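Visitor: I would like a close look at a single part of this structure, and then at what surrounds that part. Please keep the account plain.

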Amino acid sequence: MPSGASSGFGSRREDRETALGILYAAETQGRENLEVLNEQPVKSESYVYDLIEGIASKREEIDSLIESNAEEWRLERMPVVDRAVLRVAVLELINFPETSIATILNEAVELVGEYSTENSKRFVNGLLSQIADQVRS
């Protein structure tokens, strides 16, 4: 299996993008993340599953880290895409120490650059850098 590929579903980049879609769909439809995940053709041993399951189980911790580091920004005021990307990245910082901080930040910035606003790139990068300093020190 090539470096960076996950268990049978695609690259880690594709898995993060799929997780972003699931989180976005769940939030905009007012549904649970795991409910939306279970409707997808995602294997339970995939990285997508690990991300969504991890976010579901650590949602309070993740959201607390985001809010406490986002000066003057409440979580509910952030764009849905930004929240979803931040949740994926913060989970990776907490649960996947084998993934470098640089990789996590770069992927998050690329995703918000593609799906959110130009301003989101700087915001997400700065916020994740602060959180990385806290959880990976």
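Which residues does Asp63 touch, not counting residues up to four places away in sequence?

Guide: This is a predicted model. Asp63 touches Leu75 and Arg87, once residues up to four places away in sequence are set aside. Asp63 is part of helix α4. Its relative accessible area is 14%, and because the cut-off for buried is under 20%, Asp63 counts as buried.

Asp63 has company on its helix. The buried residues of α4 are Ile62, Asp63, Leu65, Ile66 and Asn69. Viewed along the helix axis, these residues fall within an arc of 155 degrees, so they line one face of α4. The spacing behind such a face is a general matter: an α-helix has 3.6 residues a turn, so residues three or four places apart point the same way. On the face of α4 turned away from the buried side are the exposed residues Glu60 and Ser68. The buried residues of α4 pack against α3, α5 and α7.

Ile66, another of the buried residues of α4, has contacts with Leu75, Met78, Leu86, Arg87, Val90, Leu127 and Ile131, again not counting residues up to four places away in sequence. Leu75 and Arg87 are thus contacts of Ile66, and they are also the residues that Asp63 touches.

Ile66 also belongs to the largest nonpolar core, which has 40 residues; within that core, Ile66 and Leu128 touch the most other members. The elements that give two or more residues to this core are α1, α2, α3, α4, α5, α6 (residues 101-115) and α7. Helix α5 gives the largest share, nine residues. As a general point, nonpolar side chains tend to be buried together in soluble globular proteins.

Helix α3 (residues 47-57), one of the elements against which the buried residues of α4 pack, has a buried side of its own. Tyr47, Val48, Leu51, Ile52, Gly54 and Ile55 are the buried residues of α3. Around the helix axis they cover an arc of only 160 degrees, which puts them on the same side of α3. Among the elements that cover them are α1, α2, α4 (59-69) and α5.

Arg87, the contact of Asp63, leads on to a pocket. Arg87 lines the second largest pocket, together with Leu23, Ala26, Glu27, Arg31, Glu32, Asn33, Leu34, Ala56, Arg59 and Ala84. This pocket has a volume of about 210 Å³. At least two lining residues come from each of α1 (12-29), α2 (33-38) and α5 (80-95), and α1 supplies the largest share, three residues. By type, the lining divides into five nonpolar, one polar and five charged residues.

Helix α7 (residues 118-135), against which the buried residues of α4 also pack, gives eight residues to the lining of the largest pocket, the largest share. The volume of the largest pocket is about 300 Å³. It is lined by 14 residues, of which Trp73, Asn119, Ser120, Arg122 and Phe123 are the closest to its centre. The lining residues divide into five nonpolar, five polar and four charged.

Helix α5 also takes part in the lining of the largest cavity, where α5 and α6 each supply at least two residues. With a lower limit of 30 Å³, the count is one cavity, and about 40 Å³ of space lies in the largest cavity. Its lining consists of Arg16, Val85, Val88, Ala89, Glu92, Ile104, Glu107, Ala108 and Leu111. Six of these residues are nonpolar, none polar and three charged.

Ile104, one of the residues lining the cavity, lies in helix α6. With a relative accessibility of 1%, Ile104 counts as buried. Leaving aside neighbours within four places in sequence, Ile104 is in contact with Ala89, Glu92, Leu93, Thr99 and Arg136. Ala89 and Glu92 are also among the residues that line the cavity. From Ile104 to Ala84 the separation is 20 residues in sequence and 14 Å in space, C-alpha to C-alpha; Ala84 is one of the residues lining the second largest pocket.

Technical notes
Residues are numbered from 1 along each chain as its sequence is written. This is a predicted model: local features need pLDDT of at least 70, side-chain atom pairs count only at pLDDT 80 or more; totals for chains, interfaces and linings use all residues. Side-chain values use heavy atoms; hydrogens and water are left out. On a 1 Å grid over the protein atoms alone, a cavity is a set of points where a 1.4 Å probe fits but cannot get out, and a pocket is an open set with protein on both sides within 12 Å along at least five of seven lines; lining residues have an atom within 4 Å of a point. Grid points are joined across faces, edges and corners, and a volume is the space filled by probe spheres set on the points. Helices (H or I, at least four residues) and strands (E, at least two) are DSSP runs, numbered from the N terminus. Ala, Val, Leu, Ile, Met, Phe, Trp, Tyr, Cys and Pro count as nonpolar, Asp, Glu, Lys and Arg as charged, and the others, Gly among them, as polar. Buried means under 20% relative accessible area, exposed over 50%, partly exposed in between (1.4 Å probe, protein chains only). The arc is that of the directions from the helix axis to the C-beta atoms. Contact means heavy atoms within 4.5 Å. A nonpolar core is a set of buried Ala, Val, Leu, Ile, Met, Phe, Trp, Tyr and Cys residues joined through side-chain atoms within 4.5 Å.
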